[in-house]
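I opened this notebook page to look up how the bound molecules sit against the protein. What surrounds each of them, and how much of each is covered?

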Amino acid sequence: MTAIRDEFALIRDIAALCPTQGAAVRVPLNDDAAVVAIPPKTELVVTTDTLTEGVHFSAQTITFQELGWKLAAVNLSDLAAMGAQPLGIVVALALPQTTQKEDMISLYRGLGECLRTYDALLLGGDTVHSRHGMTLTATALGYVPCGQAVTRSGAQPGDRIVLTGPTGYAALAYHLLARGMSPEASLRAFQNTPRPQLAKGKLLRELGATAMNDISDGLAFALGDMAKQSEARFEVEQSALTWQSDLAQRSDSHALRAEDLIWYGGEDFELVATLPATSPVPQGMYEIGRVTKGSGLFICDGDTCHALQVTGYNHFGGI
Ligand SMILES: Nc1ncnc2c1ncn2[C@@H]1O[C@H](COP(=O)(O)OP(=O)(O)O)[C@@H](O)[C@H]1O
Ligand SMILES: Cc1ncc(C[n+]2csc(CCOP(=O)(O)OP(=O)(O)O)c2C)c(N)n1
Ligand SMILES: [Mg+2]
């Protein structure tokens, strides 16, 4: 392992592992700022997310290569949630003195792999010394046709609630990893190398989605916030959560409740959207409920509904 002695040599080595050039790039990484063209009749979509040591990751549960993928993926997921097409990301690293060069090479291998998978570029960043643990921040840039971005606030009574994939597995994987266990590769991937649902986000936008959100803080929080911002009532049908029994089979023996993982686990990075009843629900997605007049988030078994607590991962909630 090699200590980092030169900020600029490090930047050269890690940037070489990522796609940095594309038809839209007028000025790539290595200048004061990048310059990128956006297609005519589109609007810029911008989002940022940070991963910090001890809060979002620990060396015991994730490799640097996985972490690089996850840093890009959690940011691209927010673009997906708007129905946007990615352009690229900028990355800011705050690194403790003990950081090893090989680990940063692994980080950028994973980052580059994710960017290539989703047709996004590394447009720049910043690398600084930290005296208090490692902090990784990325900002993603994308675009949507003018006026077409899907916000959290447009759900209408009569819409269906659609989910792009099951929730709860990312949290199950995290709990197993944190206990020093080795979940199988596909389960580990839910937590360590999540897939931003860019293609599904675009499809849902094109199908006329009225509201959309990604699930970083848990399904309850994502739906609860959409209900609140849309000033509508969201009802989820218990029987539509068809993966609950599979999740329960895997989680019961570890004293984890599938229901809690599904609603409050977080980090699933699937999308939830509301679709007008006239739009078809795409194959492979779950229709989990409906939007009605009123307010709040409810779980229903036929005609019997009860209110669900709208909480999720809250960074300062436990302090
Ligand atoms: N420190 C901050 N300064 C400005 N805006 C912020 C800050 N932190 C969060 N936000 C904004 O608040 C909203 C909610 O943030 P967050 O829960 O992190 O969203 P997400 O789950 O999509 O990452 C977003 O619009 C985000 O851009
Ligand atoms: C070491 C470690 N501790 C805890 C977790 C669980 N965890 C960390 S952040 C988070 C929620 C999402 O993070 P946040 O920064 O709120 O994402 P955002 O909503 O901004 O996208 C969860 C469930 C983890 N993955 N790793
Ligand atoms: Mg955020």
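The entries below go from the domains to the two ligands.

**Entry: the model and its domains.** I am working from a predicted model, and I began with the domain assignment, which splits the chain into domain 1 (7-145) and domain 2 (159-307). I looked up how these two parts touch and noted that the contact takes 23 residues from domain 1 and 20 residues from domain 2. Taken over C-alpha atoms, the centres of domain 1 and domain 2 are 26 Å apart.

**Entry: where ligand 2 sits.** I then asked which pocket holds ligand 2, and found that the space taken by ligand 2 is the largest pocket. Around ligand 2 I found 13 residues, the closest being H56, S216, D217, E267 and H315. Sorted by class, this shell has 4 nonpolar, 6 polar and 3 charged residues. I also checked which domains supply the shell around ligand 2, and both do, with at least three residues from domain 1 (7-145) and at least three from domain 2 (159-307).

**Entry: polar contacts of ligand 2.** I went through the side chains that reach ligand 2 with an N or O atom. For S216, I read a distance of 2.7 Å between a polar side-chain atom and an oxygen atom of ligand 2. The side chain of H56 places an N or O atom 2.9 Å from an oxygen atom of ligand 2, while in Q191 the partner of the side-chain N or O atom is a nitrogen atom of ligand 2, at 3.0 Å. As for cover, ligand 2 has 600 Å² of accessible area on its own, and the protein covers 84% of this.

**Entry: ligand 1.** I turned next to ligand 1, whose surroundings are D49, D78, R152 and S216. By class, I counted no nonpolar residues in this shell, with 1 polar and 3 charged. Three side chains there have an N or O atom that I could pair with an oxygen atom of ligand 1: D78 at 3.0 Å, R152 at 3.1 Å and S216 at 3.2 Å. Taken alone, ligand 1 exposes 550 Å², of which the protein buries 26%.

**Entry: a residue on both lists.** Going back over my notes, I marked S216, which is among the closest residues to ligand 2 and is also listed around ligand 1.

How values were computed. Residues are numbered from 1 along each chain as its sequence is written. Chains are lettered from A and ligands numbered from 1 in the order in which they are written. This is a predicted model: local features need pLDDT of at least 70, side-chain atom pairs count only at pLDDT 80 or more; totals for chains, interfaces and linings use all residues. Side-chain values use heavy atoms; hydrogens and water are left out. A residue is near a molecule or strand if one of its heavy atoms lies within 4 Å of it. A polar contact is a pair of N or O atoms within 3.5 Å; within protein, one must be able to donate a hydrogen and the other to accept it, and residues adjacent in sequence count only if both atoms are side-chain atoms. Accessible areas come from the Shrake-Rupley method with a 1.4 Å probe; for residues, only the protein chains shown count as cover. On a 1 Å grid over the protein atoms alone, a cavity is a set of points where a 1.4 Å probe fits but cannot get out, and a pocket is an open set with protein on both sides within 12 Å along at least five of seven lines; lining residues have an atom within 4 Å of a point. A molecule sits in a cavity or pocket if more than half of its atoms lie within 2 Å of its grid points. Ala, Val, Leu, Ile, Met, Phe, Trp, Tyr, Cys and Pro count as nonpolar, Asp, Glu, Lys and Arg as charged, and the others, Gly among them, as polar. Domain bounds come from an automatic or database domain assignment. Contact means heavy atoms within 4.5 Å.
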